[in-house]
Amino acid sequence: MPAADTVLTGARVRTLDPGRPEAGAVAVRGGEILAVGDEADVRDWRGPATEVVDLGGATLTPGLTDAHSHPVWGIEMATGTDLSAVKDLDQLRAALRGAPRTGGWVLGYGLDHNAFGGRPVEAALVEEALAGAPAFLRLYDGHSALASGAALHAAGITGPRTFDQRSEIVCDREGRPTGHLIEHAAMALVGALAPKPSSAERRSRLTALLGDMAATGLTVAHVMDLGDGDVPALLAGVEYEGDLPLRLNLSPWCMPGATPQDLAELIALQGLRGRHWQVGGVKFFMDGTVEGGTAWLEHADCHGRGTDAFWPDPETYSAAVRTLDAAGVRTATHAIGDAAVRHVLDTVASLGGQARLRHRIEHIETVPDDQLKRFAELGVIASMQPPHTAYTRADHSDEWSKRLGAARAARAWRCRDLRDAGAVLALGSDWPIAHHDARRVLAIARSPLGAAAAGPALTGLMALEGMTSHAALAAGEQQVAGRIAAGFRADLTAFALDPVDTAPDELAEAPIRLTMSGGRITHLRDSP
């Protein structure tokens with residue numbers, strides 16, 4: 001056996017490999033796992049140049065994967081004043097009065113719908129605090145924003161417009177825009193004018209962000225966008241100067257109105273790669289968000305909204321999926337409402353058995369009993385983000401719950417029900433919609449918050465699988481990732497505490513001793 005580059009010893013190894021569930025040491029060479037064994041085997045793996053890392057009793061697991069994240073696009077989304085702590089209108093006005101001006105603009109992000117106390121999201125509520133400055137404030141869901149009167153004027157928005165996709169410039173009864181912009185096309189009218197980070201700032205912030213992610217145990221992120229198309233060049237620039245701390249798998253968007261040429265270009269992008277990133281898959285939207293009234297529901301929400309799909313003609317979505325499936329391209333579809341989930345499942349059913357584990361549904365915030373078993377039957381992967389439950393309340397007094405009504409709110413984020421029904425369940429954060437800390441994703445999966453708190457939780461092992469072996473299945477990498485076994489990619493995470501048995505609140509703060517991505521140590525913390 002050739003000598004290892006790195007040997008990890010002094011750990012309890014949870015391999016998630018049925019052939020050998022536990023071990024005591026791991027050898028790594030050339031970015032892959034060379035051997036898995038006991039402490040007695042370490043001597044045989046060592047050579048003159050081998051680095052031996054004693055993990056001091058840590059628990060070593062397959063490297064954690066965030067199965068839904070936006071680390072590149074999120075840098076733009078998370079620009080300006082962080083409004084996530086704002087709880088009411090008085091706090092919002094105070095935050096805007098003191099907010100810095102960027103190129104004369106007030107930029108903010110993370111604003112909770114609940115801060116408006118049930119009132120409509122309108123610029124008139126905050127104009128005095130802005131003192132005439134153009135403002136673009138992203139709400140936490142990433143699908144809506146509040147633009148001030150000056151920002152609307154700069155964008156030439158004076159009334160409603162129609163779009164190829166479900167988007168809306170909200171207007172009052174007289175047809176005047178209120179400042180509330182719902183969904184991507186409407187938001188882009190103002191967002192395109194707002195100041196953006198420079199290329200150098202984006203590279204610097206991306207490297208720092210990915211380093212912070214690695215410090216929470218992350219080795220891989222499934223990136224659910226390709227930005228405006230410049231992301232490959234940005235990543236190439238980062239890799240020219242150094243290495244990405246995480247491996248990134250990126251899925252460009254396919255939006256309503258996509259032509260056959262557009263689909264051909266998406267197919268051609270597959271496999272575009274750098275050292276630690278690649279394009280793999282395509283992202284669709286079947287609906288928007290509950291709070292914005294754009295989740296596609298079987299029955300209207302309590303505001304009379306939610307009966308329309310993001311694609312005005314849902315069959316054109318299905319046709320696009322069929323084209324990509326025929327080319328062997330994996331897809332991920334944003335589907336929050338029950339009607340959206342049903343339509344995606346119906347679309348995959350039309351593809352036949354060869355499509356198993358090639359397609360996934362993102363978010364799945366409310367789903368009825370009769371759809372749960374279809375995920376396993378059709379081989380559709382469920383991709384869910386437990387931290388989203390923090391935006392809801394156990395007493396259903398939040399905007400999400402109030403819009404859905406009691407029956408649908410009681411079916412919130414059914415992670416455990418999907419697992420029990422046999423589904424593959426991949427877990428993520430959806431950063432910057434929620435914090436990227438992988439430990440928090442694991443902890444909330446085991447102790448759901450808000451409207452999901454009354455439902456059954458994942459076990460510690462199920463949660464870990466959601467960010468390791470099941471995440472690997474979601475990316476089609478089950479033969480090379482998600483387990484600690486010889487020949488698999490050396491993606492490894494070492495916890496100071498056992499992530500399976502430790503109580504959720506302790507796990508959320510558990511030190512990460514080591515993170516290794518593709519054989520590269522991207523985070524190392526000395527034992528206490």
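Trainee: Which aromatic cluster do W73, W253, F285 and F310 form? Do they sit in one cluster or in several?

Mentor: W73, W253, F285 and F310 go together in one aromatic cluster. Keep in mind that this is a predicted model.

Trainee: How many aromatic pairs turn up in the whole structure?

Mentor: Searching the whole structure gives eight aromatic pairs.

Trainee: Take Y140 and Y391. Why is this pair called stacked?

Mentor: Look at the angle: the ring planes are at 20°, and planes under 30 degrees apart count as stacked. The centres are 3.7 Å apart, within the 6.5 Å that a pair needs. So the pair is stacked.

Trainee: Where in the chain do the two partners sit?

Mentor: Y140 is in the loop between β9 and β10, and Y391 is in the loop between β19 and α13. They're 251 residues apart, so the pair links distant parts of the chain.

Trainee: How do you know that Y391 counts as buried?

Mentor: Its relative accessibility is 18%, and buried means under 20%, so Y391 makes the cut. Y140, at 8%, is buried too.

Trainee: And what makes F284 and W311 a tilted pair?

Mentor: Their planes are 45° apart. Stacked needs under 30 degrees and edge-to-face over 60, so the rest, tilted, is what's left. The centres are 6.0 Å apart, again within 6.5 Å.

Trainee: What does that pair tie together?

Mentor: F284 lies in strand β16 and W311 in the loop between β16 and α10, so the pair ties together parts 27 residues apart in sequence.

Trainee: Are F284 and W311 buried or exposed?

Mentor: Buried: F284 has 0% relative accessibility, and W311 has a relative accessible area of 2%.

How values were computed:
Residues numbered from 1 in each chain as written. Predicted model: local features only at pLDDT ≥ 70, side-chain atom pairs only at ≥ 80, totals over all residues. Heavy atoms only, no water. Helix = DSSP H or I, 4+ residues; strand = E, 2+ residues; numbered from the N terminus. Buried < 20%, exposed > 50% of the residue type's maximum accessible area, 1.4 Å probe, protein only.
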